[in-house]
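Hello,

Here is the structure we talked about handing over. Please open it alongside this email; my notes follow below.

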Amino acid sequence: MDFDFLYNPYKSKRMNVFGENGMVATSQPLASQAGLHILRKGGNAIDAAVATAAALTVVEPTSNGIGSDSFAIFSTADGEIHGMNSSGRSPMAISSPKLKEMGYEQMPKVGAIPITTPGAVKSWAEMTEKFGNLTLKENLEPAIEYAEYGYPVSPVLGNSWERAFSGYKKILKGNEFEEFFKTFSLNGKAPKIGEKITLKNHAKTLKMIAESNAKEFYEGEIAYKIDKFMKENGGFLRKEDLKNHKVEWVRPLNVDYRDHEIWELPPNGQGIITLMALNILNEINMKDENEIYFYHNAIEALKLAFSDGKEYITDIDHMKVDLDELLSLEYAKKRRGLIDHYANLPKPGKLPKGGTVYLATADKWGNMVSFIQSNYMGFGSGIVIPETGIAMQNRGHTFSLNPEHSNYLKPNKKTYHTIIPGFITKNGKPVGPFGVMGGYMQPQGHLQVILNMLDKGLNPQAALDAPRWQWIENNTVYVEKNFPEHLAQMLSNKGHDVKVMLNSGSFGRGQIIWRMDNNVYCGGTEPRTDSQIAVY
């Protein structure tokens, strides 16, 4: 029978998943099973997160890879909250004047130039070493097996693969892209849904990373292969950049909202946008608001926060404003005063000078992890290092070549990062990880699931199932096709330029794990993709 695996004429409903000993929520069933395997083997939530992240580079290469960056917020069994930033810096040899001399007016999207130092692999090693029960070699075993022996392509993954592959064929011209098409195709085409694909070079590289505790990637044979390719193809990344990469352990930021504390990482990530929007909404009784004002106020608060974020967020060492000022209640009050009954065009406030995968894990000891990694745009730069299977990210595309811009390209600088993990506590006690992947949708998705749970009282699964909106620019707001028509019409009447989208691909994909008062875990998973929660 020749089924259409993307055609679902009847609405299905997912239920919350419950478990006590361990839980792994992610966008790919095979990746969830990899994390569960590690938990059953005696690994903790940190081990499971690493195993799942590595597996996702294999079973969802359309969104991330070995050449990704990564971030995490997690709580350990003692209730301590930890933050990890393993985003890479721009190459030491690159600069805006150099690119201007080469004829570039803005950062290119593909090729060797927008590649920054990949940080994900180092994060796997350090998280395992500092907090895990197992070794990196043990944690990478499931990913290596998937890559070496192959796996069948799931429905949403297959559709994304076909769309991305077709798009890359149109724009990737040149010998430097040959390895991409060799690596991610079957007989010159994207693999079909249900078709099996193996990634032998990927497996070989993961084995080298596992055996060397990641040193081969940053200082050994793999680093030399990356260096050689970049020199031959006009890239700036060098083995010295790889060797100098460091995982940064940071204190996450938080704001109080509805008797809970919402945690995000500090810049260079954009999580502070969610926190600023929540601060703006904190003095508005969203629970009792007329439903149209619930959405109107949320959209307007998000727009105000995003306009500040896009203006000021960059490498924290290069930021021109103070984080405490951005998150101050006084500043939130000023911004809140700009919200009225009609949609406004947002502008940054005046301040004193001064393609992604998400996963959540939890274990029987009380450790919980919110982890995210990404190649940025789909497969990334279109560059795959020969004989390694490593798809390199194109994160440097977010740099600006305008010297007046906060995110101006400089050597050895972190760029504005879209990927953000989230975490919730109550009265200082860890409640659980949450996240919604998807470029600039991410802080919007974070805001919406928090409002859905803490203001609407929706359970984790319902909070993810709820139809989403997405602010694009000016007063343009996209809504999903199942967004209530009467609310879309009322938003339009308030000046929002509402557009109904038939495809939900741009509205993000999320996971939530919520630890209840009896210490049982409740999990919700994304209905817009191939997600699964593995539990025992």
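A salt bridge here is a side-chain nitrogen of Lys or Arg within 4 Å of a carboxyl oxygen of Asp or Glu. Please keep in mind that this is a predicted model.

Salt bridges first. By that rule the count comes to 20. One of them joins Lys231 to Asp227, with the closest N and O atoms 3.0 Å apart. Both residues sit in helix 11 (residues 221-232), 4 residues apart, which means about one helical turn between them. Residues three or four places apart in an α-helix point the same way, because the helix has 3.6 residues a turn. Asp227 is buried, at a relative accessible area of 4%.

Arg468 pairs with Glu526 at 2.8 Å, N to O. This pair links distant parts of the chain, 58 residues apart. Arg468 is in the loop between helix 18 (460-465) and strand 16 (469-473). Glu526 is in the loop between strand 20 (521-525) and strand 21. Both Arg468 and Glu526 are buried.

Glu248 and Lys414 also form a salt bridge, at 3.9 Å, N to O. Glu248 is partly exposed, at 26% relative accessibility. Lys414 is buried, at 3%. These two belong to a network of salt bridges with Arg89 and Asp315.

Next, the annotated site. UniProt, in an unreviewed entry, places the feature "active site" at Thr356. Thr356 lies in strand 10. Its relative accessible area is 4%, under the 20% cut-off, so Thr356 counts as buried. Beyond its sequence neighbours within four places, Thr356 is in contact with residues including Glu60, Ser63, Gln442 and Arg509.

Strand 10 (356-363) also comes up with helix 1: the buried residues of helix 1 pack against this strand. Other partners include strand 2 (22-26) and helix 2 (45-59). Among the buried residues of helix 1 are Ala31, Leu36 and Ile38. How far apart are the end C-alpha atoms of helix 1? They are 16 Å apart, which agrees with the span expected for 12 residues at 1.5 Å a residue. Gly42 follows helix 1, with a positive phi near 110°.

Two last spots. His245 is in the loop between helix 12 (239-244) and strand 7 (248-250). His245 is buried, at 5% relative accessible area. Leaving aside neighbours within four places, His245 is in contact with Lys122 and Tyr218, among others.

On the surface, Met1, Phe3 and Phe5 make a nonpolar patch of about 420 Å². Phe3 lies before strand 1 (17-19). Phe3 is exposed, at 52%.

Best wishes

Note on methods: Residues are numbered from 1 along each chain as its sequence is written. This is a predicted model: local features need pLDDT of at least 70, side-chain atom pairs count only at pLDDT 80 or more; totals for chains, interfaces and linings use all residues. Side-chain values use heavy atoms; hydrogens and water are left out. Helices (H or I, at least four residues) and strands (E, at least two) are DSSP runs, numbered from the N terminus. The expected span of a helix is 1.5 Å times one less than its number of residues. Buried means under 20% relative accessible area, exposed over 50%, partly exposed in between (1.4 Å probe, protein chains only). Contact means heavy atoms within 4.5 Å. Patches are made of residues with over 30% relative accessible area and no salt bridge: like charges are joined within 9 Å, nonpolar side chains (Val, Leu, Ile, Met, Phe, Trp, Tyr) within 5 Å. Accessible areas come from the Shrake-Rupley method with a 1.4 Å probe; for residues, only the protein chains shown count as cover. UniProt positions are given in the numbering used here, feature names are shortened, and annotations may be inferred rather than shown by experiment.
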